[in-house]
Amino acid sequence: MQVGIDQISFFSPNYYIDMVDLALARDQDPNKYLVGIGQSQQAVIPPTQDAVTMAANAAEPILTDLDRQQLDLIIFATESGVDHSKSAAAYLQRLLNIQPFARTIEIKQACYAGTYGLMQARDYVELNPTKKVLVVASDIARYGLRTGGEVTQGGGAVAMMVTANPRIMTLERDNQFMTKEVMDFWRPTYATEARVDGKFSNNVYQEFFVELWERYRKVTGKDINDFKAFVFHLPYTKMGLKGLRQILPEADADQQARLLAQFEASRLDNKKFGNLYTGSLYLSLLSLLRHSTDLVAGDRIGLFSYGSGAEGEFYSGIIQADYQQMLVPNQLDDLLAERIKLSIPEYEAMFQATLNGAADRQLDGAADPALYVLTGLQQEQRQYEKQ
Ligand code: COA
């Protein structure tokens with residue numbers, strides 16, 4: 001029996017900044033951001049959105065009434081949790097009106113947790129083939145104004161339904177994974193912005209990819225020619241390109257050109273939304289599904305997941321015949337068309353207005369066109385609404 005991703009859906013709030021504007025405001029050459037980093041726009045998260053609301057907005061389009069009655073496992077991957085104790089998945093279960101006899105759990109391992117969630121879901125469905133599992137990866141990438149990491153911010157959520165006989169992509173049992181305790185990126189529990197040793201983080205990412213790829217080849221006997229595309233965790237899209245370039249010499253010129261073309265398809269959407277932390281790899285997969293012009297059933301896709309701290313995993317999935325029909329129609333095009341561009345001073349004000357601290361606060365949820373919004377804080381309890 002095959003198990004894998006049957007549906008996939010995305011959400012990001014309706015504000016963005018242009019990377020040329022940011023570069024000019026920070027006295028940088030725009031090409032450093034556009035080409036050197038590989039980002040053209042960046043999602044800006046208003047105070048009325050957080051990891052919970054973004055996850056709910058991403059999951060809503062792929063849930064039927066029957067799913068809400070039958071789902072019994074929700075896995076919420078995030079490193080932007082809203083509470084040190086209570087799981088974001090519990091909020092999600094109520095907002096999405098999922099029946100009470102469900103397990104709900106939040107998991108964290110920097111940008112890697114979404115992959116762990118998918119693998120847990122796969123194992124659960126293998127044991128319980130009639131079940132579905134909802135996996136969401138939802139994050140806000142925050143480094144701080146005028147920091148080196150500012151150009152690699154962003155945010156959004158990816159929701160995936162894992163089932164038997166999936167109609168988008170199987171999750172193959174060829175995973176290679178590793179952990180090494182390093183301080184490349186972290187966020188102390190008192191901080192709202194990440195700390196990062198950017199150059200070190202880039203190096204660890206690249207080392208993990210090569211090591212896992214070599215291990216994968218050894219264990220499975222497969223090589224670069226067995227793959228139609230490689231998709232990467234993309235904190236910024238140049239990062240994945242650097243990863244891919246490390247193994248390209250193993251292919252002949254034609255295969256190199258094909259893999260590079262697929263990589264371009266897999267980063268088009270990430271260029272516009274920025275870093276999603278846990279969701280970045282799966283936005284890149286969605287971008288590949290949306291923009292590649294020659295994916296066919298049976299194509300093998302390699303997926304490299306990386307979470308600072310650090311944990312990495314490489315595995316493959318097989319594209320299914322109906323994958324195009326299973327995408328939410330026009331979802332990303334509509335999100336992009338409806339986004340409002342902010343000036344840099346407007347973005348800076350919104351960045352600083354994020355819900356923080358213990359004081360009661362009322363937010364204007366009606367000003368946010370999303371279905372699920374955060375409307376404030378009362379007695380230190382987040383107020384979520386479906387509108
Ligand atoms: N035109 C084209 N490219 C240019 C350029 C220009 N005018 N100016 C610079 N560049 C290139 C550089 O050559 C470099 O390319 P390379 O990485 O291939 O060598 C790239 O742009 C970045 O320049 P750099 O000087 O290294 O930028 P930086 O010191 O501002 O740091 C990051 C960049 C990515 C390290 C920094 O933004 C960061 O720390 N981000 C967070 C990292 C992260 O997300 N970590 C978690 C990983 S999972």
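This note covers two helix pairs, one pocket and two backbone details in a predicted model.

1. **H3 against H5.** Helix H3 spans residues 51–59, and helix H5 spans residues 88–95. Their axes lie 10 Å apart, at an angle of about 45°. That angle makes H3 oblique to H5, because values outside the roughly parallel, perpendicular and antiparallel ranges count as oblique. The crossing of H3 past H5 is right-handed.

2. **What touches in that pair.** From H3 come Val52, Ala55 and Ala56. They meet Ala88, Tyr91, Leu92 and Leu95 of H5. By class, this contact has 7 nonpolar residues, with no polar and no charged ones.

3. **H8 against H9.** Helix H8 covers residues 237–247, and helix H9 covers residues 253–273. The two axes come within 10 Å and cross at roughly 160°. H8 is therefore roughly antiparallel to H9, since angles over 145 degrees count that way. This crossing, too, is right-handed.

4. **What touches there.** H8 contributes Thr237, Lys238, Gly240, Leu241 and Leu244. H9 contributes Leu259, Leu260, Phe263, Arg267, Asn270 and Lys271. The contact of H8 with H9 is mixed by class: 5 nonpolar, 3 polar and 3 charged residues.

5. **The second largest pocket.** Its volume is about 620 Å³. The lining has 32 residues. Which of them are closest to the centre of the pocket? They are Gly148, Gly149, Thr152, Gly198 and Tyr236.

6. **Elements around that pocket.** Three elements give two or more residues each to the lining: helix H2 (30–37), helix H7 (198–220) and H8. H7 gives the most, with 5 residues. H8 thus has two roles in this note: it packs on H9, and it helps line the second largest pocket. By class, the lining divides into 13 nonpolar, 12 polar and 7 charged residues.

7. **A cis peptide bond.** Check the bond from Gly309 to Ala310: it is cis, with omega near 0°. Ala310 sits in the loop between strand E13 (300–307) and strand E14 (311–318).

8. **A positive phi.** Asp27 is not a glycine, yet its phi is positive, at about 55°. Asp27 is found in the loop between helix H1 (19–25) and H2. H2 is also one of the elements that line the second largest pocket.

Technical notes: Residues numbered from 1 in each chain as written. Predicted model: local features only at pLDDT ≥ 70, side-chain atom pairs only at ≥ 80, totals over all residues. Heavy atoms only, no water. Axes fitted to C-alpha atoms, helices over the stretch in contact; angles between N-to-C directions. Helix = DSSP H or I, 4+ residues; strand = E, 2+ residues; numbered from the N terminus. Parallel < 35°, antiparallel > 145°, perpendicular 65-115°, else oblique. Left-handed = near helix turned anticlockwise from the far one by under 90°. Contact = heavy atoms within 4.5 Å. Nonpolar A, V, L, I, M, F, W, Y, C, P; charged D, E, K, R; others polar. 1 Å grid on protein atoms, 1.4 Å probe; cavity = no way out; pocket = protein on both sides within 12 Å on 5 of 7 lines; lining within 4 Å. Points joined across faces, edges and corners; volume = space filled by probe spheres on them.
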